[in-house]
Amino acid sequence: DVESRVCDVLADYAEVCGEVLREGIRINLALSQDQLARDLAVNRRSLVRALATLRAEKLIDKIEARYILYNTAELRRRGSGTLGLQHRLDSRNSGSG
């Protein structure tokens, strides 16, 4: 479902370009809702609902255009597994993707 895919992609981004803070992990990449919806191949309305649920449960927030993840372990648990973001980025950087 959309929520599990959002959990996966946010946890993947945190692993790839996250900065550990006292309160959680900040994704040091500006991710718009339109961009996330396109990346996940979901409609924006479904994405917004999933993000609102995660915010309401205090698992994530968005501050100054950056997502903060407060509980990546719970996001991973809710996800369906990694979306392979690290692998895709490594392939792109090595020129084999």
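This is a chat between a trainee and a mentor about a predicted model of one protein chain.

Trainee: Hi! Before I get lost in the picture, how many helices and strands does the protein chain have?

Mentor: Welcome! The chain has five helices and four strands.

Trainee: And in what order do the elements run from the N terminus?

Mentor: They go α-β-β-α-α-β-β-α-α.

Trainee: What share of the residues is buried?

Mentor: Buried residues are 35% of the 97 in the chain. As for the surface, the chain exposes about 5,700 Å², and carbon and sulfur atoms supply 46% of that.

Trainee: What about contacts between residues that sit far apart in the sequence?

Mentor: Take the contacts with a separation of 6 or more: 58% of them join residues 24 or more positions apart.

Trainee: Let's zoom in on helix 1. Which residues does it cover, and how far apart are its end C-alpha atoms?

Mentor: Helix 1 covers residues 2-17, and its end C-alpha atoms are 22 Å apart. At 1.5 Å a residue, its 16 residues should span 22 Å, so the two values agree.

Trainee: Which of its residues are buried?

Mentor: Quite a list: S4, V6, C7, D8, V9, L10, A11, D12, Y13 and A14 are buried in helix 1.

Trainee: Is there a general rule about which way helix residues point?

Mentor: An α-helix has 3.6 residues a turn, so residues three or four places apart point the same way.

Trainee: Pick one from the start of your list. What does S4 touch beyond its sequence neighbours?

Mentor: Leaving aside the neighbours within four places, S4 is in contact with R78, G79 and S80. S4 counts as buried because its relative accessibility is 9%, under the 20% cut-off.

Trainee: And V6, what is that in contact with?

Mentor: With the same kind of neighbours left out, V6 contacts L40, L47, A50, L51 and L54.

Trainee: Which residues have the most contacts inside the largest nonpolar core?

Mentor: V6 is one of them, along with L10, I27, L47, I60 and Y67, in a core of 22 residues. The elements giving two or more residues to this core are helix 1, strand 2 (25-27), helix 2 (33-40), helix 3 and strand 4. Helix 1 supplies the largest share, six residues.

Trainee: Changing topic! How many disulfides are there?

Mentor: Zero, after a search of the whole structure. Still, you can look at C7 and C17 for their surroundings: C7 is buried at 0% relative accessible area, whereas C17 is partly exposed at 22%.

Trainee: Then how many salt bridges does the structure hold?

Mentor: Nine. As background, side chains of opposite charge can pair when their charged atoms come close.

Trainee: Which residue forms a salt bridge with D12?

Mentor: That is R76, with the closest N and O atoms 2.9 Å apart. The pair links distant parts of the chain, as R76 is in helix 4 (residues 72-78) and D12 is in helix 1, 64 residues apart.

Trainee: Are those two buried or exposed?

Mentor: D12 is buried, at 3% relative accessibility, while R76 is partly exposed, at 29%. R76 also meets E15 in a salt bridge, at 3.2 Å from N to O. E15 lies in helix 1, 61 residues from R76, and E15 is exposed at 56%.

Trainee: What does E57 pair with?

Mentor: E57 forms a salt bridge with R78, and their closest N and O atoms are 2.3 Å apart. E57 sits in the loop between helix 3 and strand 3, and R78 is in helix 4, 21 residues away. Both are partly exposed, E57 at 39% and R78 at 25%. Salt bridges with shared partners join E3, E57, E74, R77 and R78 into one network.

Trainee: Last one. Which residue in the loop between helix 3 and strand 3 has a positive phi?

Mentor: K58, with a phi of about 60° although it is not a glycine. The loop runs between helix 3 (44-56) and strand 3 (60-63), and K58 is exposed at 63%. E64 also has a positive phi, near 50°, and is not a glycine either. E64 is in the loop between strand 3 and strand 4 (66-69), and is exposed at 73%.

How values were computed:
Residues numbered from 1 in each chain as written. Predicted model: local features only at pLDDT ≥ 70, side-chain atom pairs only at ≥ 80, totals over all residues. Heavy atoms only, no water. Disulfide = S-S within 2.5 Å. Buried < 20%, exposed > 50% of the residue type's maximum accessible area, 1.4 Å probe, protein only. Expected span 1.5 Å × (residues − 1). Contact = heavy atoms within 4.5 Å. Areas by Shrake-Rupley, 256 points an atom, 1.4 Å probe, with all protein chains shown as cover. Core = buried A, V, L, I, M, F, W, Y, C linked by side-chain atoms within 4.5 Å. Salt bridge = Lys/Arg side-chain N within 4 Å of Asp/Glu carboxyl O.
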